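Let's take a friendly walk through a protein model, going from its nonpolar core to its aromatic rings. Have a look at the picture first, and then read on.

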Amino acid sequence: MRTDLWTMMADEPTDPPGGEGETNVITKTKPKTQRPPMYKVLLLNDDYTPMEFVVHVLERFFGVSHSQAVEIMLTVHKKGVAVVGVFSYEIAETKVAQVMDFARRNQHPLQCTMEKED
Ligand code: TYC
């Protein structure tokens with residue numbers, strides 16, 4: 001128990017009366033907001049899928065304009081692969097399934113995959 005004036009005036013908290021002489025320490029913790037992991041959807045090049053088909057896929061399943069679709073398709077054609085969008089796991093999974101199913105039904109070997117973002 002502190003009794004002298006200078007000690008009482010120090011900027012430490014005083015113990016509540018009747019306590020066991022403990023001092024409460026308030027630790028500030030930063031609230032951590034959890035954001036879900038995101039997944040890149042990748043389109044892969046091949047030698048057989050027609051360019052117009054890939055452009056159509058990009059417009060239809062990724063909601064890009066015709067000129068953006070041509071640009072992305074040409075990037076894949078030249079570089080071998082391109083990220084066509086970043087989505088939550090479930091959305092990415094759905095996009096991949098939609099593209100793969102549409103390509104298969106049209107007998108094109110177009111490949112679409114997903115990859116976790118770092
Ligand atoms: N390389 C194909 C061709 O020359 C076109 C193509 C582009 C195929 C993009 C797949 O993801 C792809 N017909």
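What follows is a short tour of the core and the ring pairs.

Keep in mind that this model is predicted. A good place to begin is the largest nonpolar core, which has 25 residues. Val41, Leu43, Leu58, Phe62, Val99 and Leu110 are the members that touch the most others. Strand 1 (38-44), helix 2 (51-62), helix 3 (66-79), strand 2 (81-88) and helix 4 (89-105) each give two or more residues to this core, and helix 2 gives the most, with seven. To get a feel for the surroundings of one member, try Val41: leaving aside residues up to four places away in sequence, its contacts include Phe62, Val84, Phe87, Val96 and Met114.

Now turn to the aromatic rings, which form four pairs in the structure. Phe61 and Phe102 make an edge-to-face pair, because their ring centres are 5.6 Å apart and their planes stand at 70°, over the 60 degrees that this label needs. Since Phe61 belongs to helix 2 and Phe102 to helix 4, the pair ties together parts 41 residues apart in sequence. Both rings belong to buried residues: Phe61 has a relative accessible area of 12%, and Phe102 has 8%. Together with Phe53, Phe61 and Phe102 form one aromatic cluster. Arg60 joins the scene as well, lying over the face of Phe102 at 4.5 Å from the ring centre.

Phe62, buried at 13% relative accessible area, pairs with Phe87. Their centres are 6.3 Å apart and their planes at 40°, so this pair is tilted. Phe62 lies in helix 2 and Phe87 in strand 2, so parts 25 residues apart in sequence are tied together. Over the ring of Phe62 sits the charged end of Lys95, 5.8 Å from the ring's centre.

Notes:
Residues numbered from 1 in each chain as written. Predicted model: local features only at pLDDT ≥ 70, side-chain atom pairs only at ≥ 80, totals over all residues. Heavy atoms only, no water. Core = buried A, V, L, I, M, F, W, Y, C linked by side-chain atoms within 4.5 Å. Buried < 20%, exposed > 50% of the residue type's maximum accessible area, 1.4 Å probe, protein only. Helix = DSSP H or I, 4+ residues; strand = E, 2+ residues; numbered from the N terminus. Contact = heavy atoms within 4.5 Å. Phe/Tyr/Trp six-rings, centres within 6.5 Å; stacked < 30°, edge-to-face > 60°. Lys NZ or Arg CZ within 6 Å of the ring centre and 35° of its normal.
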